[in-house]
Amino acid sequence: MPRKPLLPLTALCLLAVPLTACGGNSAASDENVVTVYSADGLKGENGDGWYDKVFEDFEKETGIEVEYVEGGSGEMVQRAAREKGNPQADVLVTLPPFIQQAGTKGLLQKYAPENADKVTGKAADGTWTTVVDNYFGFVYNKKELKRPPATWQDLLDGRFKDRLQYSTPGVAGDGTAVLIKALHDFGGERPALEYLKKLQANNVGPAASTGKLAPKVDKGELLVANGDVQMNHAQSKTMPNLGIWFPAPEGGRPTTFALPYAAGLVTKAPHSANGRELLDYLLGDTAQRQVSAIGGGFAARRDIEATDADAADLAELMKGVDIFRPDWDDIERNLSAYVDAWKAATGS
């Protein structure tokens, strides 16, 4: 990164290797620390993302250092599950259906952060709360394509061969979202998988992280990739060729669905008090007002009305897009079966 990393040296160790390999002077022995396992998208490429600002302010105000571990939503839940007997994370932030999965696996304890009553998206059992609202979407290269593809069928065109990629369902939250949207737009599992099997002819191949696809689209290595509105809007500030779009069913209007970042306190977290303090901070007035201007997303709190230019751009982007609500309980229960069916259909 072009500037000095925000996070302490131990966080760099966390990003590279398993926590147990980081040596004796670990996060668990330091009381002034909070460890966050998070899906990618909220931390900037150049230290200019929402996490960068919020964590920096939180550290200054509380003296608690944030150690940050990033990966795909499924990857973070799997890591927390492996560590269930000896938890290393304090706060887990993932996209659905993985936040529901974390709750089902008993990885999250009940905690209602301050201002949680002003948030619509939260668990009925009190184990997680939305901290940043967001929507699923795709990106395209505006320099090479005068306009984005309109429908799913457009992506089967030969011009997209080896220049289209989507992140892996079951591993990445946004990759799983591709499958969820296809299930909705094609009206069921069988037609959705038949389509994705055809699309595989143009697909570059698996990708564990959605965040790494947008730079490839901006450079023209790819013409189209999946993503989400918050992450891609933030990236577009430094990626001038990046455009956001929403595939439509044949003969229909573009569709999308809410794909929020949801956070919960890890069961038996080594620094539970610090985790609670960070969760409170993420839903505080200052952090929530920075979601659109800095993070490119939508405030989770209903009482926060953003008036910045980014908020206006986001509102304009969502005009004419039909928003549906997935059956998250069904998806969480049957996720493994859906992913296995996708693997079989695509040969992945």
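Mentor: A residue is called buried when its relative accessible area is under 20%, and exposed when that area is over 50%. Please keep in mind that this model is predicted.

Trainee: Which residues of helix H6 are buried?

Mentor: In helix H6, residues 189-199, the buried residues are Ala192, Leu193, Tyr195, Leu196 and Leu199.

Trainee: Why are they on the same side of H6?

Mentor: The general idea comes first. An α-helix has 3.6 residues a turn, so residues three or four places apart point the same way. In this structure, the buried residues of H6 cover an arc of only 160 degrees around the axis, which puts them on the same side of the helix. Arg190, Lys197 and Lys198, on the other side of H6, are exposed.

Trainee: What do the buried residues of H6 pack against?

Mentor: Their partners are strand E7 (164-165), helix H5 (173-185) and helix H12 (328-346).

Trainee: Which residues touch the most other members of the largest nonpolar core?

Mentor: That core has 81 residues, and Trp50, Leu155, Leu196 and Val224 touch the most other members. Helix H12 supplies its largest share, eight residues. Apart from this core lies another, of 17 residues, including Val139 and Leu314. As for leucine 155, its contacts include Tyr195 and Leu199, setting aside residues up to four places away in sequence.

Trainee: Is glycine 205 buried or exposed?

Mentor: Glycine 205 counts as buried, because its relative accessibility is 10%. This glycine lies in the loop between H6 and helix H7 (213-219). Beyond residues up to four places away in sequence, glycine 205 touches Gln165 and Tyr166. Its C-alpha atom is separated by 8.1 Å from that of serine 348, although the two residues are 143 residues apart along the chain.

How values were computed:
Residues are numbered from 1 along each chain as its sequence is written. This is a predicted model: local features need pLDDT of at least 70, side-chain atom pairs count only at pLDDT 80 or more; totals for chains, interfaces and linings use all residues. Side-chain values use heavy atoms; hydrogens and water are left out. Buried means under 20% relative accessible area, exposed over 50%, partly exposed in between (1.4 Å probe, protein chains only). Helices (H or I, at least four residues) and strands (E, at least two) are DSSP runs, numbered from the N terminus. The arc is that of the directions from the helix axis to the C-beta atoms. Contact means heavy atoms within 4.5 Å. A nonpolar core is a set of buried Ala, Val, Leu, Ile, Met, Phe, Trp, Tyr and Cys residues joined through side-chain atoms within 4.5 Å.
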